[in-house]
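User: Please take a close look at one helix pair in this model and describe how the two helices pack against each other. I would also like to know how far the predicted coordinates can be relied on.

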Amino acid sequence: MLHGIGVSHGIVRGVLYRETTFVPVISREEIAPEGRPGQAQKYKDARQSAEEELQKLIDSLQAQGTDKAAIFAAHQEILLDEAMEEEILETIGEGQTADSAVEDVYRAYAKRIARAKDPVIRERAKDLDDVRLRLLRNLQGVPDDLVPGTDGPCIAAAEEWLPSRIARLAAAGRVAGIVAEKGSAICHAAIVCEALGLPALFGVGEGLKEAPAGTRVILDAQAATLEISPDEEQWREAGERVEQFRRAAAIARQYADRPAVTTDGRRVEICLNAGAVDLPPQSDVCDGVGLFRTEFLFMEQQHLPTEDEQYEAYAAVLCKMGGRPVILRTLDIGADKQLEYFPLPKEENPALGVRALRLCFDKPDLFRTQLRAAWRASAHGNLWLMFPMVGSLEDWRRAKQICLDVRRELEQQGAAVGRNVPIGAMIEIPSAALQADRLAAEADFASVGTNDLCQYLFAADRTNARVAAYAQSHSPVLMELLGRVAAAFEAQGKPLSVCGELGGDARAAAVLVGMGYKKLSMSPGNMPYVRQVICRSSMEELQSLARQVCAAATQGEAEELMQRFYQGVTRAPEEEAKCIHE
């Protein structure tokens, strides 16, 4: 059995399909002057075909209700990058073939980016490789129709996946799951799998090579395992679990647009985590945007977005939400999120360095420009402003004062700004959680970022698969700390939400609601599962679960309690089961 990092919901079984990677053959012959215009046109034609392919992928993802089409929109931007195109055409003009020009220019750009210490920046090098191979495949006339030829569903395996290839295989309808030797929960391939609802396992290591194509395997994304060559009993039992999950997923989908109200009438707001102006269809049935990651706007550009560019993006999201709240998190750059056009000084431990709010303090012009754009946009909707990485009351007061100073400057200049904009803090450093009572007394609201809070609490890098087991996101220690935060804000009557991964984990969501969290923010795919567990539980049951989990001795005991409760409340009533069978 292989272990890795599980992505998306589900358990699937099937035969192993090994991805055949397209390996271009690059011609290095020198092209005579009279043949160079033809090579240039060949490149332009290939680029046009590649752009059309990417547009089909974008349209397909958008039709499935996911916001992850932005990954392939970024691929289009790379493909149409004027500087790269100019270099390619110049290289062709010097006598190289179109394919060698594409190969050399793209590899040069990717090589520079791949040297970055930051994993998110390195991921951009993989995007360049993805676009390069797409261009070369079109240049060499190789169709993008290589799909498994198995009789039934298969589990597609590769050393490392290109996100566009996963989207293409999923569109063909023959792939039930994805597994890879390399990769992490934050790689673009994992993000695409989650967006498509495709169970996946990344980072399983070289042991995957020992499983030949055609081997029967069982992929359990929840347990993060891949069972190779199971015996007949294991295969049969996995089939039952696959069917149980299918039924459970079908029932959960019935809650996709229902209000999250407990059986005794307690309402929980279900909000969306977003990073792009193009919101997914689920934004129509959510209670607001619980986290708008403004750094995505910066990461998708090749320059620092201007005040007007930011204003237009923020205003567009506010208008689309039609009066529902949008919590805009100010710039969270640093550590695992870098800007290649805005290099930061190298640090021995960037996760503990100058990032997020600390960076904004260090670069006040950057901070004030974003705040100006946000305040101007606030006139178009229900904006809430939130600062990331607040570590102390001094941090909070300093950031709030800058924020209010910017509003006053705009008002003096005659700009229209929102009058009742809540200003809050993101609690993701243990020091902030431990003084939640002080923050609650001053902040208008707060949102807990459980990813970083867990990382810092357990001293386990959340981007490092080797220490993933140490980041105990279901630990009673973390749950108890979250409970203390909830109690502090409840005492002050201030709004509090969770916008980290735990908010979208239906098992953990039950505990969070029991602790007193009245707002959970998550990716669209998790909404039906979270709504379902809330709608089928009473507040008394959720509170009892929260007390039991916090009193548990280990994460294993806590997870057993959470799993037992989840299975109990989501077990299909007879009438729903009948409906699904029909």
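Analyst: What follows begins with confidence, turns to the packing of the two helices, and ends with a residue in another helix.

This is a predicted model, and the mean pLDDT of the chain is 87, with 92% of its residues reaching 70 or more. Residues 574–582 are a stretch where pLDDT stays under 50, although the model has eleven contacts for them beyond four places in sequence. Where pLDDT is low, predicted coordinates should not be read in detail.

The pair in question consists of helix α3, which spans residues 82–93, and helix α4, which spans residues 98–114; their axes lie 9 Å apart and the angle between them is about 135 degrees. Angles over 145 degrees would count as roughly antiparallel and those from 65 to 115 as roughly perpendicular, and α3 and α4 are therefore oblique to each other. The crossing in which α3 passes α4 is right-handed. On the α3 side the contact is made by A83, M84, E87, I88, T91 and I92, which meet A98, A101, V102, V105, Y106 and Y109 of α4. Sorted by class, this contact of α3 with α4 comprises ten nonpolar residues, one polar and one charged.

Helix α2, which covers residues 70–79, contains A74. Because its relative accessibility is 26%, A74 counts as partly exposed. A74 is also 9.7 Å from R124, C-alpha to C-alpha, while 50 residues separate A74 and R124 in sequence.

Note on methods
Residues numbered from 1 in each chain as written. Predicted model: local features only at pLDDT ≥ 70, side-chain atom pairs only at ≥ 80, totals over all residues. Heavy atoms only, no water. pLDDT = per-residue confidence, 0-100. Contact = heavy atoms within 4.5 Å. Helix = DSSP H or I, 4+ residues; strand = E, 2+ residues; numbered from the N terminus. Buried < 20%, exposed > 50% of the residue type's maximum accessible area, 1.4 Å probe, protein only. Axes fitted to C-alpha atoms, helices over the stretch in contact; angles between N-to-C directions. Parallel < 35°, antiparallel > 145°, perpendicular 65-115°, else oblique. Left-handed = near helix turned anticlockwise from the far one by under 90°. Nonpolar A, V, L, I, M, F, W, Y, C, P; charged D, E, K, R; others polar.
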